[in-house]
Amino acid sequence: MTISRRHLIATTAAGATAGLLSACGSNTGRDEGSSGGKPVIEQWYHQYGEAGTEQAVKRYADAYDKADVKIQWRPGNYDQQLASALLTKSGPDVFESPGPSLDQIKAEQVVDLTELIEDVKDDFNPAVLAPKTYEGRIYGIPQVIDMQLLYYRKSLLDDAGVEPPQTLDELVDAAKALTSKKVKGLFLGNDAGAGVLGGTPLYATGLELVTEDGKVGFDDPAAARTLAKIRQLYADKSLLLGAPTDWSDPSAFIQGLTALQWSGLWALPQVKKELGDDFGVLPFPKDGAGKASVPVGAYGAAVSARAKDKDAAKAYAKWLWVEKAEYQEDFALSYGFHIPARISLAKKAGKLKEGAAADAVRFATESGFAAQPLLWTPKCQTDYSDALNRIIKDGANPESELKAVVRKVAAELDRVKK
Amino acid sequence: MKSGLKSRLGTQNRTLWFWVFVGPFALGLGIFTYVPLLWSVYLSFFDAHNTVTPDVSEDFVGLDNYTSMLRDDSFTDSLLTFLVFSLFIVPATFALSLALALMVNRLRRAQAFFRSVFFLPAACSYVVAALVWKLSIFNGVRFGLANTLLGWFDTDPVAWLSTTDPPWYWLVIVTARLWLQAGFYMILFLAGLQRISPQLYEAAAVDGARPGWQVFRHITFPQLRATSIAVTLLLVINAFQAFDEFYNLLSDSRGYPPYARPPLVYLYYTALGQGQNLGLGSAGAVILALIIAVVTIGQAKWFGLGKKEAA
């Protein structure tokens with residue numbers, strides 16, 4: 001059979017047109033916002049390290065019968081992926097976020113969730129609800145509380161005749177006394193604490209990052225005095241530096257590379273499994289007129305302003321994080337180790353009633369402060385931790401460094417309050 | 001009919017064929033390179049926090065982003081970091097890759113083997129190399145490879161990446177990149193060496209030139225001029241674009257230390273980190289692109305790149 005050129009061209013053109021038309025039609029393989037009459041909701045989580053968590057959230061999503069919830073479990077730099085995705089229409093409908101950040105709220109990327117949480121607002125730990133609240137409106141429902149605290153190895157302290165430190169001065173002395181050729185006294189992270197400590201030493205001395213009325217909270221000579229003590233730890237060579245895993249992982253503590261380690265509550269089951277009763281936990285010790293302190297924070301469920309069906313997304317967020325109490329307890333305690341964001345649930349949870357876990361819950365309630373106040377923007381954080389780096393590692397003058405940071409942070413606070 | 005088709009699709013219709021082959025790539029280049037580039041320049045004139053489509057009337061700030069970026073000591077420090085880095089890495093890579101090429105070129109046996117062995121690191125990703133350097137060789141505890149070696153001489157473990165006095169982190173950063181890229185530039189030098197006419201060496205020998213340094217200085221190195229210029233240019237541009245190994249060696253979940261923060265890492269945190277200050281980040285990117293362009297053009301002019309070699 002011979003095919004004329006005209007026939008060939010006509011056939012090819014028809015095929016191409018059909019292809020283009022089908023691409024414009026409904027059979028594109030993409031979800032068009034509903035599935036069998038039910039709305040489709042895209043939900044994002046950052047990748048949790050604990051086994052079983054991903055299956056758990058998929059199970060919760062499957063149990064919701066008013067919408068078809070699709071879970072995306074995202075490894076890598078979640079916060080940055082999320083910030084970029086929220087600029088586009090292809091982002092999530094419901095997502096967890098350490099914020100939402102003030103810039104996200106002001107750019108109207110997230111929706112107001114106040115009405116979802118109104119009835120049970122007082123049941124949430126205020127230290128984690130406050131950073132999700134802007135001008136009285138709530139933009140994120142706290143999921144589970146994470147906190148940081150100081151782990152100490154009882155046997156090593158006993159051998160060195162050192163008591164668990166109650167003040168920052170005692171911590172400096174204890175770390176020095178516990179340092180030997182093989183074991184360092186204290187691990188504050190591979191950067192000597194410049195990143196993770198953040199505002200913790202300030203709170204321990206009675207100051208804060210940002211005051212309630214939005215001013216710089218550490219424009220005070222006491223701040224320089226306290227930070228000089230962190231420098232002292234570094235200068236004494238009492239700090240473990242360059243460990244294979246960082247502060248968030250308890251390996252250095254378990255392997256006996258350090259006698260004291262600043263880490264998170266999430267590490268507690270692993271430490272208990274490896275060391276049995278040979279450990280205890282402490283808050284960051286107080287300095288001067290201040291009080292012991294622990295930073296607390298919570299991932300919160302938020303709804304994107306670009307959600308395909310905002311009402312359906314809000315209804316799902318309310319169902320999962322306000323109504324289904326059993327899921328919240330399961331999510332907090334069945335896989336890793338976190339405190340449920342609802343005070344009533346935290347009080348009931350059996351696993352949090354004794355030993356180091358009970359101490360940790362007490363610290364969070366009595367000495368918890370918001371690790372990331374809403375007005376404390378990433379720019380404030382970078383400027384402050386740069387200064388902390390220079391004070392601790394370079395031995396820069398704390399007064400002059402803080403003076404420069406106070407100026408920069410004040411300018412940034414002016415910008416965000418506009 | 002056949003000749004008609006040939007004339008329609010053949011040599012006479014070169015324009016058609018040009019666009020058939022070049023068109024898709026030009027389109028891709030336009031959409032994925034030039035549009036974002038121009039959009040970035042556009043954004044640099046706006047207060048664009050968490051948005052790529054700022055409000056033209058409300059968010060226009062003129063040159064404010066440029067002035068605040070140039071006044072930002074973190075950004076100017078990052079340019080200084082780059083300068084220090086290129087002062088270390090450009091001459092070091094140049095010398096090492098040239099030395100390797102000279103050695104491999106002289107080999108009579110197993111030349112292909114050694115060429116491959118030295119080239120192999122170029123196939124390794126910067127991220128992987130950075131993690132090997134950070135976790136295995138230069139970790140700060142007593143069982144890291146470098147500290148184990150020091151331990152044999154009864155020296156205390158060194159926290160390679162965490163101390164600024166002395167700044168051992170430079171050793172880690174420079175050796176990682178040196179290991180990764182020396183093999184690649186060695187291949188360029190090898191190609192240059194193989195283009196040198198053996199008659200030149202014979203003539204030099206007849207004239208009584210001593211083999212070794214004298215021949216290298218008066219014959220080999222001048223003959224490698226074109227290769228050396230290309231290598232230097234590539235090394236400087238690559239150094240400017242350093243990101244992967246710095247980021248993977250020094251960042252942690254909470255941020256990045258102010259020392260050894262090259263411009264791209266700083267801009268990454270400004271524009272793509274949680275800050276999402278896309279206007280300011282774009283202004284920084286434009287400034288950086290201009291600096292790279294000026295340095296490269298200046299360097300090319302200085303070396304006389306593109307000029308015909310004197311006969």
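How much area is buried between chain B and chain A? Hello everyone, let's start there. This is a predicted model, and in it the two chains bury about 3000 Å² between them. Carbon and sulfur atoms give 48% of that area. If you look at the chain B side, three residues deserve your attention: B:Asn50, B:Arg254 and B:Gln274. Together they supply 21% of what chain B buries against chain A, more than any other three residues.

Now, who takes part? Chain B brings 36 residues to the contact, and chain A brings 37 residues.

Let's turn to the polar side of things. Between chain B and chain A there are three salt bridges. One of them to find on your screen is the pair A:Lys408 and B:Asp73, whose closest N and O atoms lie 3.3 Å apart. Counting polar contacts, we get 14 residue pairs between the two chains, both partners at pLDDT 80 or more.

Which helices of chain B help here? Both α5, residues 73-106, and α14, residues 263-272, supply at least two residues each to the side that touches chain A. As for the character of that side of chain B, its residues divide into 15 nonpolar, 14 polar and seven charged.

Let's stay with α5 of chain B and look inside the chain. There, α5(B) packs with α11(B), residues 213-223, at an angle of about 100 degrees, and the axes are 14 Å apart. An angle from 65 to 115 degrees counts as roughly perpendicular, so that is how these two helices sit to each other. On the α5(B) side you will see B:Phe94, B:Leu98 and B:Leu102, and they meet B:Phe216, B:Thr220 and B:Phe221 of α11(B). Of the residues in this contact, five are nonpolar, one is polar and none is charged.

One more helix pair before I finish. In chain B, α4, residues 64-71, packs with α15, residues 278-303, at about 70 degrees, with axes 9 Å apart. That angle makes α4(B) roughly perpendicular to α15(B). From α4(B) the contact uses B:Asn65, B:Tyr66, B:Ser68, B:Met69 and B:Leu70. Across from them, α15(B) offers B:Gly279, B:Leu280, B:Ala283, B:Gly284, B:Val286 and B:Ile287. And what is the split by residue type in the contact of α4(B) with α15(B)? Seven are nonpolar, four are polar, and no charged residue takes part.

That's my tour, and thank you for listening!

Key. Residues numbered from 1 in each chain as written. Chains lettered and ligands numbered in written order. Predicted model: local features only at pLDDT ≥ 70, side-chain atom pairs only at ≥ 80, totals over all residues. Heavy atoms only, no water. Contact = heavy atoms within 4.5 Å. Buried area = accessible area lost by both parts, 1.4 Å probe. Salt bridge = Lys/Arg side-chain N within 4 Å of Asp/Glu carboxyl O. Polar contact = N/O pair within 3.5 Å; in protein donor to acceptor, adjacent residues only side chain to side chain. Helix = DSSP H or I, 4+ residues; strand = E, 2+ residues; numbered from the N terminus. Nonpolar A, V, L, I, M, F, W, Y, C, P; charged D, E, K, R; others polar. Axes fitted to C-alpha atoms, helices over the stretch in contact; angles between N-to-C directions. Parallel < 35°, antiparallel > 145°, perpendicular 65-115°, else oblique.
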